[in-house]
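Let's take a walk through this one, going from helix packing to the ligand. Have the viewer open and follow along.

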Amino acid sequence: MHVCVLGAGVVGLATAWALSEAGCEVTIIDGASGPGQGASAGNGAQLSYNFVAPLASPDTLLHLPAMLLEPNGPLRIKPRLDLDFLRWGVGFLRASTGRMVRETTAAQLALAALSQRETMAVERDAAIGFYRKVAGKLVVYRHPATFATARRQAEAQRGIGAAQMVLDPAACLAQEPGLRIRAADLQGGVFTPSEELGDCAAFCDRLAGRLRERNSVTFIWDARVTPVLRDGQLVAVQAGAREIGADHFVLSLGSGARDFAKACGFYLPIQAMKGYSITVRPRNPAGELRHSVTDADRKIVFAPLAHESGAVIRVAGNADFVGEDRGVDPVRLEAIRKGAREALDVDLESDPLGWAGLRPITPDSRPIIGASPVAGLFLNTGHGGLGWTLACGSARLATELLLGGTPSVEPGWFSLAR
Ligand SMILES: Cc1cc2nc3c(=O)[nH]c(=O)nc-3n(C[C@H](O)[C@H](O)[C@H](O)COP(=O)(O)OP(=O)(O)OC[C@H]3O[C@@H](n4cnc5c(N)ncnc54)[C@H](O)[C@@H]3O)c2cc1C
């Protein structure tokens with residue numbers, strides 16, 4: 001069977017690997033000149049298998065006005081008359097109920113558990129390193145209300161999820177001596193020892209390298225794709241000057257997936273949620289982090305990556321609904337730099353330019369994995385802020401559904417029609 005994977009971000013590459021391992025002939029097409037150049041390469045590096053809460057929730061709705069009014073705060077929405085965005089917003093409101101949050105959390109935890117196993121399997125079977133580490137994750141809270149909620153959540157998860165420890169401010173700083181936050185500015189934290197991190201750019205580059213070694217795999221770069229439909233069926237894609245046919249097409253174009261779906265005649269509920277990152281060097285060994293850290297109220301994450309060229313810390317955050325513009329806005333980048341300056345002892349000049357990427361997010365934050373309304377087109381996209389965490393699990397589920405295997409997690413949770 002010949003499958004054409006549209007998109008060579010982390011989701012497309014993981015899918016191509018799973019399909020190739022299952023014996024398919026695979027063609028991968030991307031408009032960029034190499035792998036992982038959309039939302040994947042500069043992401044927050046967190047393999048966040050236990051922190052899967054959706055963006056839409058009663059809590060988010062409650063705090064939305066304050067978050068939007070905060071000058072250079074973590075969330076920004078550019079007002080615009082865009083019917084797709086309005087439709088997505090209605091979906092977001094519908095997803096903001098307690099019942100939906102519980103269902104999404106259950107679905108994402110199941111997919112994340114599958115993904116944790118599958119990511120390790122890819123690491124082993126492809127024999128690639130990507131600085132994966134079981135580093136543990138410390139989430140620190142500055143406000144009494146958010147810490148109280150986190151403490152309740154940790155207590156509710158006791159015995160059902162991963163082991164977690166609730167820490168007071170002094171214990172947070174003892175757990176992570178590299179943090180430069182004063183104990184007086186913290187209410188406390190939650191530490192989850194089993195959480196992992198890894199460099200998604202290295203994963204994409206090295207997995208693409210392994211795929212390139214296979215005769216049954218073809219890459220086509222620098223080719224934007226548009227659909228070629230015949231009698232309502234996707235029979236080929238126009239990739240630059242070439243028309244590429246296949247038995248099946250898998251849509252993994254990240255934030256570009258919505259436009260492709262629109263050209264096929266159906267609505268895909270995905271918006272671009274722009275985020276920023278910097279990758280900076282600690283000033284000295286005491287400034288290195290042991291764990292990944294989330295500064296929850298500032299919605300910023302810090303991940304230590306042990307590159308061969310020396311230790312670096314990836315600092316990532318911001319959730320901007322500003323359309324498809326991928327440019328680095330210096331004002332928004334400054335919010336990330338400020339977050340790093342105030343929490344870490346790092347050399348900000350080691351990355352003066354920063355990076356921005358567009359997270360492809362659905363209203364309920366779950367990816368869409370399954371059939372589309374168009375014959376020949378299969379969906380594996382919309383992974384929002386957890387695409388690195390969920391890529392290998394999603395690839396496994398997509399491959400099972402496409403090739404008729406028994407699904408490892410409940411597919412209805414991720415169908416377009418859910
Ligand atoms: C700042 C930031 C921090 C993040 N932190 C984390 C984290 O810590 N942990 C985590 O799990 N996730 C994180 N994420 C989310 C994760 O990075 C994304 O969910 C993931 O990268 C999405 O992968 P993708 O393959 O679906 O999309 P992309 O990586 O965007 O890939 C899509 C590809 O499609 C191509 N494309 C698009 N349209 C077309 C077209 N018409 N023709 C041809 N090619 C096209 C693009 O060139 C691109 O290569 C973060 C994201 C950001 C932005």
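Start where helix H1 touches helix H10: on the H1 side you'll find Val10, Val11, Ala14, Thr15, Ala18 and Leu19, and they meet Gly387, Trp388, Ala391, Cys392, Ala395, Thr399 and Leu402 of H10. Sort that contact by class and you get ten nonpolar residues, three polar ones and no charged ones. Keep in mind that you're looking at a predicted model. H1 covers residues 10-21 and H10 covers residues 387-403; the two pack at an angle of about 40 degrees, with their axes 8 Å apart. Angles that are neither roughly parallel, roughly antiparallel nor roughly perpendicular count as oblique, and H1 and H10 are therefore oblique to each other. Their crossing is right-handed.

Now stay on H1 and look for helix H7, residues 200-212. H1 and H7 pack at an angle of about 35 degrees, and their axes are 10 Å apart. The crossing of H1 and H7 is left-handed. Here H1 brings in Val10, Leu13, Ala14, Ala16, Trp17 and Ser20, which meet Cys200, Phe203, Cys204, Leu207, Ala208, Arg210 and Leu211 of H7. That contact divides into eleven nonpolar residues, one polar and one charged.

Back to H10, and over to helix H4, residues 98-125. H4 and H10 pack at an angle of about 90 degrees, with their axes 6 Å apart. Since 65 to 115 degrees counts as roughly perpendicular, H4 and H10 are therefore roughly perpendicular to each other. From H4 come Gln108, Leu111, Ala112, Leu114, Ser115, Glu118, Thr119 and Val122; they meet Thr389, Leu390, Ala391, Cys392, Gly393, Ser394 and Arg396 in H10. The class count for H4 with H10 is seven nonpolar, six polar and two charged residues.

So what about the ligand? There are 32 residues around it, and Asp30, Ser40, Gly44, Gly384 and Thr389 come nearest. You've already met Thr389, as one of the H10 residues in the contact with H4.

Which backbone atoms should you zoom in on? Try Ala39, where a polar backbone atom is 2.9 Å from an oxygen atom of the ligand. At Gln46, a backbone N or O atom lies 2.8 Å from a ligand nitrogen atom. Finish at Trp388, which has a polar backbone atom 3.1 Å from an oxygen atom of the ligand; Trp388 is also among the H10 residues that H1 meets.

Conventions:
Residues are numbered from 1 along each chain as its sequence is written. This is a predicted model: local features need pLDDT of at least 70, side-chain atom pairs count only at pLDDT 80 or more; totals for chains, interfaces and linings use all residues. Side-chain values use heavy atoms; hydrogens and water are left out. Axes are lines fitted to C-alpha atoms, for helices over the stretch in contact, and angles run from 0 to 180 degrees between N-to-C directions. Helices (H or I, at least four residues) and strands (E, at least two) are DSSP runs, numbered from the N terminus. Angles under 35 degrees count as roughly parallel, over 145 as roughly antiparallel, 65 to 115 as roughly perpendicular and the rest as oblique. A crossing is left-handed if the near helix is turned anticlockwise from the far one by less than a right angle, and right-handed if clockwise. Contact means heavy atoms within 4.5 Å. Ala, Val, Leu, Ile, Met, Phe, Trp, Tyr, Cys and Pro count as nonpolar, Asp, Glu, Lys and Arg as charged, and the others, Gly among them, as polar. A residue is near a molecule or strand if one of its heavy atoms lies within 4 Å of it. A polar contact is a pair of N or O atoms within 3.5 Å; within protein, one must be able to donate a hydrogen and the other to accept it, and residues adjacent in sequence count only if both atoms are side-chain atoms.
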